[in-house]
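Visitor: Could you pick one part of this protein and take me through it slowly? I'd like a close look, with enough of the surroundings to keep my bearings.

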Amino acid sequence: MRYAQGGGLTDAKRAARERIRLEAVGRFESGAKNREIAAALRVSERSVERWRRHWRERGEEGVRSKGSPGRPRLSADQIAKLERELERGPLAHGWADRRWTLARVKTLIGRLFHVGYTVEGTWRLLKRHGWSWQQLARRAIERDDGAVELWKKEVAAGESTAAARGAWIVCEGEAGQSLRPPRARSWGRIGQTPVVRVRGRGSGRVSMAGMVCFRRGDRSRLIYSFRVHRGRKGEPKGFTRQDYRDLIVRARDQLKGPIVLVWDNLRTHLMPQMKDFIAANEDWLTVLHFPSYAPDLNPQEGIWSLVKRAIGNLAAANLDQLAAAVKRSLKKTQYRPHLIDGCLIGTGLTLTS
């Protein structure tokens, strides 16, 4: 058995290796031969010869492990400082975009601590301390974080009122999917990228509207509706005001209680007819609006992510097959309330008592 220097061994494995060496020293002192020692300790004779030579030159200290030579290490304080600098982002360190690459992190370590790391060593360092290669999430510059904080306080106040009335917190959102499926990862031979053949023609699409419903002490719910648009003349491309009204009424019938509805500022949501409907039903319906450019606050967006993941790389032959796959994914989610709860947790929002 050949041990590389350092070898990426943990402290426990390095201690076990040293115990084998010290056991070999005991056999040296008793006069055992190299071949016998190698067979007993299950190591190579060459290793035993090298240990015996070091033992003759420097005694037992010559056989002990010297640790991991030649590999620079950062202290706990240096690691903490590095993580703080990484969290500041590449822009703060002179790069033009917000991508942390291994080469950039390697350069940053050299600037901060004058310690040389290889690209592979940088990867191991980041992985060991909980960092990974991720896709960046985008957030619009126009988003007003101050307005978001005010909105959270408004929703918290509305939730307290809803809890007193036994009302459900309902978050609504829309999405659409064409015959061109979302791309998903798949295993394939090295050098041969897997290919999924999809239909490039056709203007049809499946439009979806959904509501995730939460109330403390009750199972979370998902209520949805979808429409297949085939590109025919005069056919509505998405949901109309009437469709949204029917979806709200259906939610009330299924939930059997008052509703605090939180949705975005879609033009259809702000139509005068919709406002009249809300005003006429204010005894059981309260409406709040998400702040602008804040899809990450809507748990319904997490449901759409689950749907897109389920139909990833789907080579649908027609819209009916696509609609069936979408409906199947939504139906499965309805019977998995822990997934719906996870979408709420993913927004950073919680139900307060």
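Guide: Sure, let's go to the largest cavity: by class, its lining has six nonpolar residues, one polar and one charged. Keep in mind that this is a predicted model. The structure holds one cavity of 30 Å³ or more, and about 50 Å³ of space lies in the largest cavity.

So who lines it? The residues are I79, L82, E83, L86, L125, L126, H129 and W131. Two helices, α4 (76-88) and α6 (119-128), each supply at least two residues of that lining. Of the contributors, α4 gives the most, with four residues.

Now for the surroundings. The protein's secondary structure comes to twelve helices and five strands. Of its 353 residues, 36% count as buried. If you take the contacts between residues at least 6 apart in sequence, 68% of them join residues at least 24 apart.

The five strands form an open sheet, in the order β3-β2-β1-β4-β5, with mixed pairing. At the edges you'll find β3 (221-229) and β5 (285-289), each of which pairs on one side only. From one strand to the next, the twist averages 20 degrees. A helix sits on this sheet too: α12 (residues 337-346) packs there, touching β2 and β3. The direction of α12 makes about 85 degrees with that of β2.

Since β2 keeps turning up, let's follow that strand for a moment. Nine of the ten residues in β2 are buried, leaving the strand mostly covered. On one side, β2 (residues 205-214) is joined to β1 (residues 168-178) by ten bridges, and the two strands run antiparallel. If you want to trace that pairing on screen, find G176, which stands opposite S207 in β2. Then hop over to E172, which faces M211 in β2.

The pairing of β2 with β3 is antiparallel as well, with nine bridges joining the two strands. Here V206 has V228 in β3 as its bridge partner, and R205 has H229 in β3. These two strands make a hairpin with six residues between them. Look for G217 in that hairpin, where it takes a positive phi near 90 degrees.

Back to where we started, then. If you'd like to build the view yourself, show α4 and α6 as ribbons, as each gives at least two residues to the lining of the largest cavity. Next, switch on side chains for the lining residues, among them I79, L86, L125 and W131. When you colour the lining by class, you should get six nonpolar, one polar and one charged. The space you're looking into is about 50 Å³.

Notes:
Residues are numbered from 1 along each chain as its sequence is written. This is a predicted model: local features need pLDDT of at least 70, side-chain atom pairs count only at pLDDT 80 or more; totals for chains, interfaces and linings use all residues. Side-chain values use heavy atoms; hydrogens and water are left out. On a 1 Å grid over the protein atoms alone, a cavity is a set of points where a 1.4 Å probe fits but cannot get out, and a pocket is an open set with protein on both sides within 12 Å along at least five of seven lines; lining residues have an atom within 4 Å of a point. Grid points are joined across faces, edges and corners, and a volume is the space filled by probe spheres set on the points. Ala, Val, Leu, Ile, Met, Phe, Trp, Tyr, Cys and Pro count as nonpolar, Asp, Glu, Lys and Arg as charged, and the others, Gly among them, as polar. Two strands pair if DSSP finds at least two bridges between them. Axes are lines fitted to C-alpha atoms, for helices over the stretch in contact, and angles run from 0 to 180 degrees between N-to-C directions. Contact means heavy atoms within 4.5 Å. Buried means under 20% relative accessible area, exposed over 50%, partly exposed in between (1.4 Å probe, protein chains only).
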